[in-house]
Amino acid sequence: MFTVSQTSRAWFIDKARQAREERLVQKERERAAVGIQARVRSFLCRRRLQREIRREIDEFFKADDAGSSRRSALCIFKIARKLLFLFRMKEDNERFEKLCRCILSSMDAENEPKVWYVSLALSKDLTLLWIKQIKDILWHCCEFLERLKPEILQDSKLVTLYLTMLVTFTDTSTWKILRGKGESLRPAMNHICANIMGHLNQHGLYSVLQILLTRGLARPRPCLSKGTLTAAFSLALRPVLAAQFSDNLLRPFLIHIMSVPALVTHLSIVAPERLTVVESHDMLRKFITYLRAQDRCRDVCECLEGCHTLCLMGNLLHLGCLSPRVLEEETDGFVSLLTQMLCYCQKYVTQKKSNLTHWHPVLGWFSQSVDYG
């Protein structure tokens, strides 16, 4: 009798435990189902919202293409916020192109302050939002420049467009809002431009320009037009000039811009006025002063490796030929930095071919990789 009662009790407890576990599993299933449904509904809701916003953006640009009256800067600002909210490079590349053209068109308007996109920088309520928006737009321009191939006609047009955006909003010289009575606003606007350039530099502007210049110039037939080359080099110079040739900006300029193969040669042929700017700011002397220090020269060489160290040397030598007076005054420093660079390259020159060497047309068998561009 006692044994039967004990067995019955054990069975009852086991049954209750199983029921409790089943209820817990059911609750977990219900919670998981609710979570899945919520995520699916959220995804569908976001997709619907994105479609609606993209439809609205397309209608905005369609009306703009139809030749209706100029849109106000505020309208452009609002539509840009919507585009940036859901921006995807592959899906929205044409919309972004139209946005950039719309912004540049607004900047070309005559005597229409409400149309000028940059006029929003003067609004107390919108200044910070406008600055953030233009920073985002310009960095997207950089991202496109990094991917475009200037040798392709359609891409070359987009390169020109995005460079024009960058050139326009990193300098106030073309801003019509600052003409006449607006001249008093120039110092504040220059400060905004410096802020924008600082943002672009932090994100890698010089790396983007290096890729663009190398793709366009390091080829059998250079494919950068005078306007494109001038814009790209002007853009590279601006942060250095704004910072009054601080070491923090001279270094990336030397590493990313002055190491582009035969850059000075191409500038002297296509855009000699840019070299006049270099000469007027005595930049060769500043380069020599920076690089004559052994630790700085080693740092630059190690960043560039052998191939591009030679490219940097070639550009410096060409600048020296164009500025004999500076070369005469800075002979010791110039010879010192060239010797250091050659010694760095010599470390990687080997006597014979092996599985670890590459043929370099100047250095011979070289133990670092060779950039044939």
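**Briefing: buried helices, a surface patch and cysteines**

Histidine 266 counts as buried because its relative accessibility is 15%, where buried means under 20% relative accessible area, exposed means over 50%, and partly exposed lies in between (1.4 Å probe, protein chains only). This is a predicted model, in which local features need pLDDT of at least 70 and side-chain atom pairs count only at pLDDT 80 or more, while totals for chains, interfaces and linings use all residues. Residues are numbered from 1 along each chain as its sequence is written, and side-chain values use heavy atoms, with hydrogens and water left out.

**Histidine 266 and its surroundings**

- Histidine 266 lies in helix H10, which covers residues 263-270; helices are DSSP runs (H or I, at least four residues), numbered from the N terminus.
- Leaving aside residues up to four places away in sequence, histidine 266 touches Leu217, Pro222, Leu229, Pro261 and Ala271, where contact means heavy atoms within 4.5 Å.

**Helices H7 and H9**

- The 13 residues of helix H7 (residues 205-217) should span 18 Å at 1.5 Å a residue, and this agrees with its end C-alpha atoms, which are 18 Å apart; the expected span is 1.5 Å times one less than the number of residues.
- Among the buried residues of H7 are Leu205, Tyr206, Val208 and Leu217, and the buried residues of this helix pack against helix H4 (127-147), helix H5 (153-168), helix H6 (186-203), helix H8 (226-242), helix H9 (247-257) and H10.
- H9 is mostly covered, since eight of its eleven residues are buried, including Phe253, His256 and Ile257.
- The buried residues of H9 pack against H6, H7, H8 and H10, and also against helix H12 (283-291) and helix H13 (294-322).

**A nonpolar patch on the surface**

- Ile36, Val40, Phe43 and Leu44 make a nonpolar surface patch of about 380 Å²; such a patch joins nonpolar side chains (Val, Leu, Ile, Met, Phe, Trp, Tyr) within 5 Å, from residues with over 30% relative accessible area and no salt bridge.
- Isoleucine 36 lies in helix H1 (residues 2-65), and it counts as exposed because its relative accessibility is 56%.

**Cysteines**

- A search of the whole structure finds zero disulfides, a disulfide being a pair of cysteine sulfur atoms within 2.5 Å.
- Cysteine 141 is in no disulfide, and the nearest cysteine sulfur, that of cysteine 100, is 4.0 Å away; at 0% relative accessibility, cysteine 141 counts as buried.
- Cysteine 303 is likewise in no disulfide, with the nearest cysteine sulfur, that of cysteine 301, 9.3 Å away, and cysteine 303 counts as partly exposed because its relative accessibility is 40%.

Key. Helices (H or I, at least four residues) and strands (E, at least two) are DSSP runs, numbered from the N terminus. Patches are made of residues with over 30% relative accessible area and no salt bridge: like charges are joined within 9 Å, nonpolar side chains (Val, Leu, Ile, Met, Phe, Trp, Tyr) within 5 Å. Accessible areas come from the Shrake-Rupley method with a 1.4 Å probe; for residues, only the protein chains shown count as cover. A salt bridge is a side-chain nitrogen of Lys or Arg within 4 Å of a carboxyl oxygen of Asp or Glu.
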